[in-house]
Amino acid sequence: IEVTRNGTPTVEGELAADQASEKTWDGIFIGRHTAEKGIFDALEIWRRVRERRPGARLVLIGACAPETKRQIETLTDAHGMSGEIELAGVVSDRRKFELLRASRVLLAPSRVEGWGFVPLEALYAGVPVVCWDLAAYREALPDVTAVARVHAGDLDRFTDHVLGALEGNVRAAEVIPEPGHSWGDVAAREWAAVVREAA
């Protein structure tokens, strides 16, 4: 059995993490808007964030079913957050990285992950990550101070880490992990395994 890993994301040219970007969003969530991907955890965490940081703004990126959109709008209206949370929907990769670079922290409260590309994309865009402590993230994400791993379900601790990132407790220089495997590296390793087996 040959085991390979996924490649690490890259941020091209003008979207690279070492270039300045105006922070117009406090938080960002990227993923399908479903319970298992953490959309409702994200909204509850953001409600708690706003109790201590009024006016904090969150952008939500990803596919959203009409019924889920109605639920999100009902929740945001009920907690007075409708003007501070934007449903951006499905966006291009370029737009996704633009919004990442314009955000202070990624909320990654997904409870179901096979690998977890979004937190890696955030790190490579220079954005700290708060996530549940999932096995997939232990394998995929580097052990850096810009990644706060929280026991799944501990909303208070997750909120504390988000607030810490918003208060600047993670320096930009600490965000960028060491380069990992490129997709070229992954493909070369897989091809080598195929050639070995065929020989």
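Helices here are DSSP runs of at least four residues, numbered from the N terminus. With that in hand, let us walk through this predicted model together. Val162 makes a good landmark to keep in view, and it is found in helix 6, residues 155-166.

Start with the whole protein. There are seven helices and six strands. Follow the chain from the N terminus and the elements run β-α-β-α-β-α-β-α-β-α-β-α-α. Of the 199 residues, 44% count as buried. The protein exposes about 10,300 Å², and carbon and sulfur atoms supply 50% of that area. Now think about contacts between residues at least 6 apart in sequence: 73% of them join residues at least 24 apart.

Back to our landmark. Is Val162 buried or exposed? Val162 has 0% relative accessibility, so it counts as buried, the cut-off being under 20%. Which residues does Val162 touch, if we leave out those up to four places away in sequence? They are Ile45, Trp46, Val49, Val105, Leu107 and Val130. Val162 also gives a nice example of distant parts of a chain placed side by side on your screen: Gly27 is 135 residues away in sequence, yet the two C-alpha atoms are 8.3 Å apart in space.

Now look at the rest of helix 6. Its twelve residues should span 16 Å at 1.5 Å a residue, and the end C-alpha atoms are 16 Å apart, so the two values agree. Along with Val162, the buried residues of helix 6 include Leu155, Phe158, Thr159 and Leu166. The buried residues of this helix pack against strand 1, helix 1, strand 4, strand 5 (129-132) and strand 6 (147-150). Just after helix 6, you can find Gly168, which takes a positive phi of about 85°.

Helix 1 is one of those packing partners, so let us visit it next. Helix 1 covers residues 39-52, which makes 14 residues, and reaches 21 Å from its first C-alpha to its last, close to the expected 20 Å. Its buried residues are Ile39, Asp41, Ala42, Leu43, Ile45, Trp46, Val49 and Arg50. Among them are Ile45, Trp46 and Val49, which we met as residues that Val162 touches. Here a general idea helps: an α-helix has 3.6 residues a turn, so residues three or four places apart point the same way.

Helix 3, residues 93-101, has its own buried residues: Lys96, Phe97, Leu99, Leu100 and Arg101. These pack against strand 1, strand 2 (58-61), strand 4 and helix 4.

For a contrast, turn to Glu139 in helix 5, residues 135-140. Glu139 counts as exposed because its relative accessibility is 53%, and the cut-off for exposed is over 50%. Glu139 and Trp115 are 24 residues apart in sequence, with their C-alpha atoms 7.8 Å apart in space.

Our last stop is the second largest pocket, which holds about 210 Å³ of space. Of the 17 residues that line this pocket, Ile30, Gly31, Lys37, Glu113 and Val118 are the closest to its centre. Which elements supply at least two residues each to the lining? Strand 1 (25-30), strand 4 (103-108) and helix 4 (117-124) do. Helix 4 gives the most, with three residues. By class, the lining has ten nonpolar, four polar and three charged residues.

Methods. Residues numbered from 1 in each chain as written. Predicted model: local features only at pLDDT ≥ 70, side-chain atom pairs only at ≥ 80, totals over all residues. Heavy atoms only, no water. 1 Å grid on protein atoms, 1.4 Å probe; cavity = no way out; pocket = protein on both sides within 12 Å on 5 of 7 lines; lining within 4 Å. Points joined across faces, edges and corners; volume = space filled by probe spheres on them. Nonpolar A, V, L, I, M, F, W, Y, C, P; charged D, E, K, R; others polar. Expected span 1.5 Å × (residues − 1). Buried < 20%, exposed > 50% of the residue type's maximum accessible area, 1.4 Å probe, protein only. Contact = heavy atoms within 4.5 Å. Areas by Shrake-Rupley, 256 points an atom, 1.4 Å probe, with all protein chains shown as cover.
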